[in-house]
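Please find below a colleague's note, set out as numbered points, to be read alongside the sequence and the coordinates.

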Amino acid sequence: GDIDIAINDGDSYCELCGVGQITARVSYSDDDNDPITNIRISQDLGTPALEPILGTTVVRVSSGATPPAPVPTNAGGGVWVWDFGSYQLIPDGTTPANGEYVEITYRVRRTDGASEEGLYNASKAISASVNYNAAGSGTA
């Protein structure tokens with residue numbers, strides 16, 4: 001596929017303080033494709049009993065202007081969504097590995113009642129998906 005989402009969840013973990021950091025990158029390639037917009041990164045943090053720490057999201061892009069950091073919203077069941085709205089990701093490169101990207105990095109903590117121990121192992125249960133629309137269209 002020309003669009004890929006990757007999670008790097010081993011950036012930084014402080015087991016004793018119960019705080020970790022997660023990065024999710026959406027990569028887009030193939031110059032023949034239209035730009036995409038309404039990019040929504042969804043991450044299931046419910047299974048590992050994690051939650052994002054609001055106000056910690058940092059956005060990086062491979063080129064162009066960096067959009068403002070979206071505030072994650074709880075979609076229910078432990079799924080959190082970062083919505084980039086009208087930001088457009090323009091494809092480049094031949095594979096997602098060398099294509100254009102937008103990524104979020106944010107801090108997480110254990111949810112209330114979950115042991116702070118095992119934070120790193122819990123992070124291995126995180127899953128992610130991405131939804132988007134082709135620029136100028138109403139559906140993905």
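The points that follow take up the salt bridges, then a sheet and its hairpin, and finally a tryptophan.

1. The model under discussion is a predicted one, and the values quoted here should be read with that in mind. It holds 3 salt bridges, which are treated one by one in the next three points.

2. R25 is paired with E103 in a salt bridge whose closest N and O atoms lie 2.8 Å apart. This pair connects distant parts of the chain, since R25 belongs to strand 2 (residues 19-28) and E103 to strand 8 (residues 100-110), with 78 residues separating them. The two partners differ in their surroundings: R25 is partly exposed, at a relative accessible area of 27%, whereas E103 is buried, at 5%. E103 is classed as buried because its 5% falls under the 20% cut-off.

3. E103 also forms a salt bridge with R60, and here the closest N and O atoms are 2.7 Å apart. Again the pair links distant parts of the chain, E103 being in strand 8 and R60 in strand 5 (residues 58-61), 43 residues apart. R60 counts as partly exposed, with 43% relative accessibility. Through shared partners, the salt bridges join R25, R60 and E103 into one network, and the buried member E103 is the residue that appears both in the bridge with R25 and in the bridge with R60.

4. A further salt bridge brings together the side chains of R109 and E51, at 3.1 Å from N to O. R109 lies in strand 8 and E51 in strand 4 (residues 50-52), so that this pair, too, links distant parts of the chain, 58 residues apart. With a relative accessible area of 35%, R109 is partly exposed.

5. Turning to strand pairing, there is an open sheet of 4 strands in the order 6-7-3-9, with antiparallel pairing. Its edges are formed by strand 6 and strand 9 (127-134), each of which pairs on one side only. On average, and with direction ignored, neighbouring strands of this sheet are turned by 25° against each other.

6. Within that sheet, strand 6 (residues 73-76) and strand 7 (residues 79-83) run antiparallel and are joined by 3 bridges, with T73 standing opposite V81 in strand 7. These two strands form a hairpin with 2 residues between them, and G77 in the turn has a positive phi of about 65°. Strand 3 (residues 36-44) and strand 9 are likewise antiparallel, joined by 7 bridges, and R40 stands opposite N131 in strand 9.

7. Which residues does W82 touch, leaving aside those up to four places away in sequence? W82 is placed in strand 7, and its contacts are I39, R40, I41, Q43, P52, T57, P70, P72, I104 and Y106. At 0% relative accessibility, W82 counts as buried.

8. One of these contacts, T57, deserves separate mention, as the side chains of W82 and T57 are joined by a polar contact of 3.1 Å. The C-alpha atoms of W82 and T57 are separated by 9.3 Å, while the residues stand 25 places apart along the chain. R40, which stands opposite N131 in strand 9, is also among the residues that W82 touches, and this links the description of the sheet to that of the buried tryptophan.

Definitions and conventions:
Residues numbered from 1 in each chain as written. Predicted model: local features only at pLDDT ≥ 70, side-chain atom pairs only at ≥ 80, totals over all residues. Heavy atoms only, no water. Salt bridge = Lys/Arg side-chain N within 4 Å of Asp/Glu carboxyl O. Buried < 20%, exposed > 50% of the residue type's maximum accessible area, 1.4 Å probe, protein only. Pairing = 2+ DSSP bridges. Axes fitted to C-alpha atoms, helices over the stretch in contact; angles between N-to-C directions. Contact = heavy atoms within 4.5 Å. Polar contact = N/O pair within 3.5 Å; in protein donor to acceptor, adjacent residues only side chain to side chain.
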